Amino acid sequence: MLAIQNLSKSYSKVLAVDQVSFFVPDGRVGILLGPNGAGKSTIIKSIAGLLRYNGEIQIQGIPAKSMDAKKCFAYVPEIPNMFEALTVREHIEYIRHAYDSGITDDEIEEILCRFEMEDKQDKLGNELSKGMMQKVSICCALAIRPKVILLDEPMVGLDPKAIKELKETVLELKEEGVTVLISTHMLEMVEDLWDIMFVMEKSRIIGSYTKEEVGGKDLDDLFFELTGGNR
Amino acid sequence: MDALLYLTKRTFSNRLKKALKKPVTYIYIVLGGAYLVLLLAGWGILARNGGIDSVKWLVYILTVWVYLAICSNFILYAKLKGVIFKPSHQHFIFPAPISPKKILLYGAVKNFVINLIMDVVIALAGITIFHLSVGKAALLFFVLFVCETVLEASLIVFLYAKEKRFEPLVKIICKSIYVLIGAIAVIIVLFIKKNGFSAAAAEDIFNLPALQLVPVAGWCVAAVRLIVIGPATVNIIGAALFFLSCAGMLSVALRMKCSGAYYEDAAKFADDYAEMKSRSKKGEVVLSIGKKKKFKKAGMHYHGTGAKAIFYRQLLEYKKEKYFIFGAMTLYSIIGAGTCVFVIDTPEHIPPGLSLLGVMAYLIFLTTGYLGKWNKELANPYIFLIPDKPMRKLWYATVMEHIKSLVDGIVLAVPVGIAWGIPAYQIVMCILIYCVLQANRLYIKILGESILGSTLGNTGKSIFAMAVQGGILGVGIGLAALMGFLINFNFVFPIILIYSMIVTVLIALLTVGRFETMEQWD
């Protein structure tokens with residue numbers, strides 16, 4: 001589970017996130033929606049431990065900055081940045097060492113095959129296209145065998161087959177009891193995935209709904225209703 | 001295996017494998033080795049001729065080195081800008097379950113490797129140039145590398161841990177360093193004023209006991225003096241304090257908590273640094289990291305269509321710049337002109353006009369690597385989409401550079417010409433030749449990019465451009481000298497001008513193809 005309590009973050013005098021609290025239980029998919037500049041990326045980076053913040057973030061009930069929390073947490077950033085001189089396979093090997101995840105060679109092969117990267121295992125980080133980098137980033141996150149996974153605009157740059165695989169992967173993770181948080185603008189891509197929705201505007205969460213609460217209501221309609229925009 | 005160790009090992013191994021496959025690596029190794037030998041030999045000759053090849057001068061040089069290194073390191077690390085992380089580190093290392101302290105030291109390894117190389121060179125120079133015994137050189141290496149690295153690593157942990165209770169102390173130390181630098185400058189000025197500027201006066205300054213008692217940097221100098229010159233009361237006290245401070249800092253660093261509060265600053269600096277590197281690769285002169293460039297407000301009325309739009313867009317961009325079209329080359333021209341007018345007297349053995357031409361050619365040769373704004377045009381796909389002829393695109397993409405060269409040429413040639421009493425027509429000729437040679441340099445650069453592509457790095461391409469332009473200049477100068485000697489001295493300028501124009505137009509014609517498609521030539 002992922003719990004955020006009174007999270008605030010300022011850059012100099014600009015308040016980027018203001019007293020944000022939310023909770024995503026085990027085996028649920030949360031989506032973080034909001035217009036550009038709403039503060040989504042700041043929240044994501046704070047959870048990933050990349051920013052200093054006020055408030056509390058817990059992963060599986062443990063403070064997010066502790067080693068135990070980091071061990072079961074995976075992060076797919078919006079823009080992937082590869083190690084230039086490491087091959088695709090070596091990226092995953094590094095993850096296996098860093099997280100001591102216990103993932104087997106066969107499981108790594110399976111993940112790579114799923115995202116059509118099995119024949120690109122020996123390619124160096126600086127030889128990959130943006131879409132391929134995104135696939136490696138996702139494969140690395142899955143190689144952690146996380147309990148909580150954070151995906152920041154994960155569909156950007158992916159081909160249709162990879163998007164389909166990613167959606168299936170998210171549903172499988174959910175089945176396994178993994179907590180998933182996705183930040184995205186591509187509402188139609190997460191239509192079938194989400195359980196809880198958090199809508200942000202101007203540094204605050206202005207609404208949160210569960211799928212059961214909204215019934216069959218369209219995600220786009222809900223979003224524009226809350227943010228006051230037009231479809 | 002430790003994840004960071006695995007990362008370092010694989011990165012090194014893959015880079016080495018890749019480098020060994022490229023023939024250019026072997027050329028760089030030979031050139032680098034030869035350069036190091038020549039450097040040591042050159043320094044040796046210089047030191048012998050200047051009478052500074054003794055251990056006491058080694059101490060003086062190291063005094064400056066140690067002060068510079070320790071003070072600048074402290075200020076950089078205090079600003080959290082001394083350890084350079086990459087965007088890949090913020091993606092894969094910062095969120096990983098690895099101790100932030102360990103990550104910090106992993107990031108600083110590059111700094112330690114540079115220290116290692118520098119300190120090996122200093123120890124070798126100590127033995128070969130300054131007649132230091134091997135034993136003393138080894139001890140010197142111990143102080144400069146082992147002790148200083150322990151101190152530096154501890155300092156990094158202390159400053160990057162960002163513990164609130166130490167923040168006022170860090171601020172005080174930073175301010176004290178600036179005060180110290182100012183105080184040293186004042187002492188030097190007063191000393192020179194009293195005793196005059198001479199080698200003896202410089203020695204007196206370096207031998208001031210106070211310089212060995214300034215915390216950390218001075219104590220390190222004392223340790224160096226103890227090893228190189230021998231024991232004296234001041235250096236024994238200073239050295240003892242230095243070793244104690246190293247041990248103390250190490251103990252503090254080991255006990256200090258480091259929670260990863262530095263990740264935010266390190267990640268931002270990693271992005272800024274990566275952007276600076278990418279801009280530098282494109283030929284921009286980047287003077288500050290992380291500061292957003294400010295532009296003035298400006299408007300532009302476009303006259304004409306097609307490729308002409310490139311020129312007007314560039315003009316608009318320059319109008320928004322703080323210094324309009326005056327850039328790094330203008331600054332070099334001002335420095336060149338200042339040096340010629342105030343430092344060098346009017347040449348007696350070579351005609352002043354030719355001397356000025358030589359200065360201008362030398363400046364062009366030295367600044368071969370400088371690219372300017374135009375270089376970004378070729379990385380921009382829009383230039384290839386503009387419905388116009390490649391020749392016109394080439395002209396309008398580079399014409400602003402020719403105007404800038406004209407201005408820079410005037411800045412350099414007019415004051416020098418007046419100071420050296422050069423006839424007006426020769427000054428004009430010099431300016432025109434300067435413009436044409438700058439254009440020549442620019443087109444050679446485009447040609448080099450097209451022919452060499454990614455086979456050579458930026459340095460390799462600059463060497464290629466220098467070699468081609470050096471060859472062209474050599475032939476032109478030879479031809480002009482011959483005509484001047486055989487027929488009339490006054491022919492020298494027009495011959496060089498006409499020759500350079502012909503060569504430049506020919507090279508420009510060869511580069512036209514580069515403006516047809518974005519793809520480089522096979």
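Okay, a definition to start with: I call a residue buried if 20 or more other C-beta atoms lie within 10 Å of its own. Keep that in mind, and keep in mind too that this is a predicted model.

Let's use the definition straight away, on helix α10 of chain B, residues 233-255. Which residues of α10(B) are buried? They are B:Asn235, B:Gly238, B:Ala239, B:Leu241, B:Phe242, B:Cys246 and B:Ala253. And what covers them? The cover includes α6 and α9 of chain B, where α9 is 217-228. There's also a little length check you can do on this helix. It has 23 residues, and at 1.5 Å a residue they should span 33 Å. The C-alpha atoms at its ends are 33 Å apart, so the two agree.

Stepping back to chain B as a whole, we have 19 helices and zero strands. The C-alpha trace spans about 75 × 60 × 50 Å along its principal axes. Of the 522 residues in the chain, 32% are buried. Now take the contacts in chain B with a separation of 6 or more: residues 24 or more positions apart account for 74% of them.

Next, the cores. The largest nonpolar core has 138 residues. Which members touch the most other members? Those are A:Cys139, B:Ile156, B:Cys220, B:Ala223 and B:Val224, so you'll notice names from chain A and chain B in that list. Helix α6 of chain B, residues 134-160, gives the most to this core, with twelve residues. There's a second, separate core of 48 residues, and among its members are B:Ile364, B:Leu442, B:Leu447 and B:Phe493. Back to A:Cys139 for a moment: leaving aside residues up to four places away in sequence, A:Cys139 touches A:Ile92, A:Ile111, A:Leu112, A:Phe115 and A:Met117.

How do the two chains meet? 24 residues of chain A are in contact with 24 residues of chain B. On the chain A side, α2 (67-71) and α3 (88-99) each supply at least two residues, and α3(A) gives the most, with six. By class, that side of chain A has 15 nonpolar, three polar and six charged residues.

Now to the sheets in chain A. One is an open sheet of six strands, in the order β6-β7-β8-β3-β9-β10, with mixed pairing. Why is one side of β6 and of β10 left without a neighbour in the sheet? β6 (73-76) and β10 (204-210) stand at the edges and each has a single partner strand, so one side of each stays free of a neighbour. From one strand to the next, the twist averages 15°. At the β6 edge, β6(A) and β7(A), residues 148-152, pair in the parallel sense over four bridges. If you'd like a pair to find on screen, A:Phe73 has A:Val148 in β7(A) as its bridge partner.

Two helices lie across this sheet's strands. Helix α1 of chain A, residues 40-47, lies across β3, β7, β8 and β9, running at about 145° to β7(A). Helix α9 of chain A, residues 219-227, lies across β3, β9 and β10, at about 35° to β9(A).

The other sheet I want to show is an open one of four strands, ordered β2-β1-β4-β5 in chain A, with antiparallel pairing. Here β2 (14-24) and β5 (62-63) are at the edges, each with a single partner strand, so again one side of each has no neighbour in the sheet. Strand β1(A), residues 2-11, is joined to β2(A) by seven bridges, and A:Ser10 has A:Leu15 as its bridge partner there.

Last stop, a couple of oddities. Most residues other than glycine have a negative phi. A:Asn6, in strand β1 of chain A, has a positive phi instead, near 50°. Is A:Asn6 buried or exposed? It's exposed, because it has 12 other C-beta atoms within 10 Å. B:Leu80 also has a positive phi, about 55°, and B:Leu80 is in the loop between α3 (55-78) and α4 (87-92) of chain B. With 18 C-beta neighbours inside 10 Å, B:Leu80 counts as partly exposed.

That's my tour, thanks.

Notes:
Residues are numbered from 1 along each chain as its sequence is written. Chains are lettered from A and ligands numbered from 1 in the order in which they are written. This is a predicted model: local features need pLDDT of at least 70, side-chain atom pairs count only at pLDDT 80 or more; totals for chains, interfaces and linings use all residues. Two residues are in contact if their C-beta atoms, placed from the backbone, lie within 7 Å. Ala, Val, Leu, Ile, Met, Phe, Trp, Tyr, Cys and Pro count as nonpolar, Asp, Glu, Lys and Arg as charged, and the others, Gly among them, as polar. A nonpolar core is a set of buried Ala, Val, Leu, Ile, Met, Phe, Trp, Tyr and Cys residues joined through C-beta atoms within 7 Å. Two strands pair if DSSP finds at least two bridges between them. Axes are lines fitted to C-alpha atoms, for helices over the stretch in contact, and angles run from 0 to 180 degrees between N-to-C directions. The expected span of a helix is 1.5 Å times one less than its number of residues.
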